[in-house]
Amino acid sequence: MDERERGGPPEGDPASVIDTRGLTKRYRGGQLAVDGLDLTVPAGSVFGFLGPNGSGKTTTIRMLMGLIEPTAGTVRLLGRPMPRAARTVLPQVGALIEGPALYGFLSGRDNLVRYDSADPTADPRTRHARVAAALDRVGLTAAAGKKAKAYSLGMKQRLGLAAALLQPRRLLVLDEPTNGLDPQGMREIRTLIRELAADGTTVFLSSHLLDEIEQVCTHAAVMAQGRLVTQGEVADLAAGARGRLVVTTPDPAEAARVLKELGVGDVTADGDRVTGEPPGRDLAEVTAALVTAGVRVRGLTVERASLEDAFVALTGEGFDVAG
Ligand SMILES: Nc1ncnc2c1ncn2[C@@H]1O[C@H](COP(=O)(O)OP(=O)(O)OP(=O)(O)O)[C@@H](O)[C@H]1O
C-alpha cells in the first residue's frame with residue numbers, strides 16, 4: 001500500500017515535495033484546463049514544468065498553492081494535503097506567480113521591508129538583517145537604494161525572488177520566471193535558480209522554453225492540452241528519444257544497403273547523409289561492416305536526442321522553441 005494512503009510520510013522528510021493524484025480543473029465555462037494530473041516532484045530537484053501556452057501550467061500552479069479549488073483529485077505539498085494544511089505548509093514555500101507586485105516609488109530595499117512587515121511571523125527586530133541577506137542573495141545589494149521603477153525587468157524579477165526568500169524555504173514555485181527578460185536577465189535568473197538548488201531548495205518552475213528546461217532542470221514534466229505527456233529526469237527524457245545514427249559517405253546507396261543488412265531500422269538517405277535508428281551493437285562493428293563492403297566512410301556518429309526530439313516523438317507535434 002502506498003505510504004501516502006496511510007497518512008503520509010513523516011512531515012520533516014517527504015519523499016516528494018509536490019505530489020498530485022488525478023488533479024483536474026474544469027473552469028465554470030466548461031473549459032477542461034487540467035485533466036487527471038499525477039505529478040511527482042522529488043526533494044532537491046530543479047523541476048521544469050513544460051508546455052506550450054494554454055496547456056494548463058498556471059492553472060496547476062494555482063491549485064498547488066491553494067489559490068483555486070481543484071474540480072477533482074488531490075495535492076500534497078511537502079507531504080501535507082492542500083489546501084487543508086495551507087497554514088502550516090505555505091510559510092515554507094516561496095512563490096513568484098505572474099510577476100512580483102512592487103511599489104515603483106519605493107526603493108528595492110523598502111519594497112522588501114514592506115513584504116517583511118506584512119508577514120505576521122517575521123520578527124521586526126531582525127527585519128533589517130533579513131532584508132539585507134535577501135538582497136545579497138539575489139545580487140541587488142548595490143542597487144538596493146534605487147527606486148524599483150528604475151529597475152530593469154530582470155532586476156524586478158530578482159527583487160520578487162528576494163521577497164520570496166525573506167524566510168527560509170524548502171520549496172520555490174516560479175511561474176515563467178524568465179518570461180519577458182532579455183538574454184542577460186534570463187542568465188541571471190537561471191544562475192540564481194541553480195545556486196538556490198545547490199543550497200538544497202527544491203525549485204519548481206514553469207516554462208514554455210525547452211532549452212531553458214535543458215539548461216537548468218534536473219527533472220521535467222511535459223504538459224499538452226491539460227494532460228501530462230511524460231515526466232522524469234531530463235537526461236532520461238531526452239534519451240527516450242533515441243537519437244539517430246548518421247553515416248556521412250560518398251556511397252549512400254551502398255551504405256544504406258549494408259545498414260539494412262545489419263538490421264538498422266528506418267534507414268533513409270539524403271545526399272551524402274544516411275541515417276537510421278541507433279543500432280543495438282557496437283558502432284565499431286557497424287563501421288567495420290561498411291568498410292568491408294567497400295563503403296567510403298567520412299563520418300559515423302549517433303546524434304544525441306534533445307528534449308525537443310523527445311517532445312516531438314511523444315506528441316507528434318512541434319514545439320514553440322522561440323527565445
Ligand atoms: N479563469 C479561467 N476561466 C476559464 N478558462 C480559463 C481560466 N484560466 C485559464 N483558462 C483556460 O484554461 C486553459 C489552460 O490555461 P493555463 O493558463 O493554465 O495554461 P498555461 O499553460 O499556464 O498557459 P499560459 O502560459 O498561456 O498561461 C486555457 O485554455 C485557458 O484559456
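1. The hairpin of strand 1 and strand 2 has 5 residues between its strands, and within this hairpin Gly30 takes a positive phi near 105°. Strand 1 covers residues 16-26, strand 2 covers residues 32-37, and the two run antiparallel, joined by 3 bridges. One of the pairs is Leu23 with its bridge partner Leu37 in strand 2. Helices (H or I, at least four residues) and strands (E, at least two) are DSSP runs numbered from the N terminus, and two strands pair if DSSP finds at least two bridges between them.

2. A word on the basis of these remarks is in order. The model is predicted, with local features needing pLDDT of at least 70, side-chain atom pairs counting only at pLDDT 80 or more, and totals for chains, interfaces and linings using all residues. Residues are numbered from 1 along each chain as its sequence is written, and side-chain values use heavy atoms, with hydrogens and water left out.

3. Two aspartates of the hairpin strands deserve a separate look. Asp19, in strand 1, is buried with a relative accessible area of 3%, where buried means under 20%, exposed over 50% and partly exposed in between (1.4 Å probe, protein chains only). The side chain of Asp19 makes a polar contact of 3.3 Å with the side chain of Arg21; such a contact is a pair of N or O atoms within 3.5 Å, which within protein must be a possible hydrogen donor and acceptor, and for residues adjacent in sequence both must be side-chain atoms. Asp35, in strand 2, counts as partly exposed at 23% relative accessibility.

4. Asp35 also ties the hairpin to residues elsewhere in the sequence. Leaving aside neighbours within four places in sequence, Asp35 is in contact (heavy atoms within 4.5 Å) with Leu23, Thr24, Gly226 and Arg227. With Arg227, Asp35 forms a side-chain polar contact of 2.8 Å. The C-alpha atoms of Asp35 and Gly56, which are 21 residues apart along the chain, are separated by 8.8 Å.

5. Arg227 leads on to a sheet. In strand 11, Arg227 is the bridge partner of Ala224, and strand 11 is joined by 6 bridges to strand 10 (residues 219-224), the two running antiparallel. The open sheet has 6 strands in the order 7-8-9-4-10-11, with mixed pairing. Strand 7 (93-96) and strand 11 (227-233) stand at the edges with a single partner strand each, so one side of each is left without a neighbour in the sheet. Neighbouring strands of this sheet are turned by 15° against each other on average, direction ignored, and helix 5 (residues 153-164) lies across strand 7 and strand 8 (171-175), running at about 160° to strand 7. Axes are lines fitted to C-alpha atoms, for helices over the stretch in contact, and angles run from 0 to 180 degrees between N-to-C directions.

6. Two helices can be read by their faces. In helix 4 (residues 127-137), Arg127, Arg130, Val131, Ala134 and Leu135 are buried. Seen down the axis of helix 4, these buried residues fall within an arc of 130° (of the directions from the helix axis to the C-beta atoms), so they line one face of the helix. The face turned away carries the exposed residues His128 and Asp136, while the cover over the buried residues of helix 4 includes helix 3 (108-117) and helix 5. Just after helix 4, Gly139 takes a positive phi of about 75°.

7. Helix 9 (residues 252-261) has Ala255, Ala256, Val258 and Leu259 as its buried residues. Down the axis of helix 9, the buried residues fall within an arc of 165°, so they too line one face of the helix. These residues pack against strand 12 (244-248), strand 14 (273-276) and helix 10 (283-292), whereas Ala253, Lys260 and Glu261 are exposed on the other side. Gly263, just after helix 9, takes a positive phi of about 90°.

8. The ligand has among its surrounding residues (a heavy atom within 4 Å) Tyr27, Gln31, Asn53, Ser55, Gly56 and Lys57. A side-chain N or O atom of Tyr27 is 3.4 Å from a ligand nitrogen atom, and one of Gln31 is 3.1 Å from a ligand oxygen atom. From Ser55, a backbone N or O atom lies 3.0 Å from an oxygen atom of the ligand.

9. For the protein chain overall, there are 11 helices and 15 strands, and buried residues make up 45% of the 323 residues. Among contacts between residues at least 6 apart in sequence, 66% join residues at least 24 apart.
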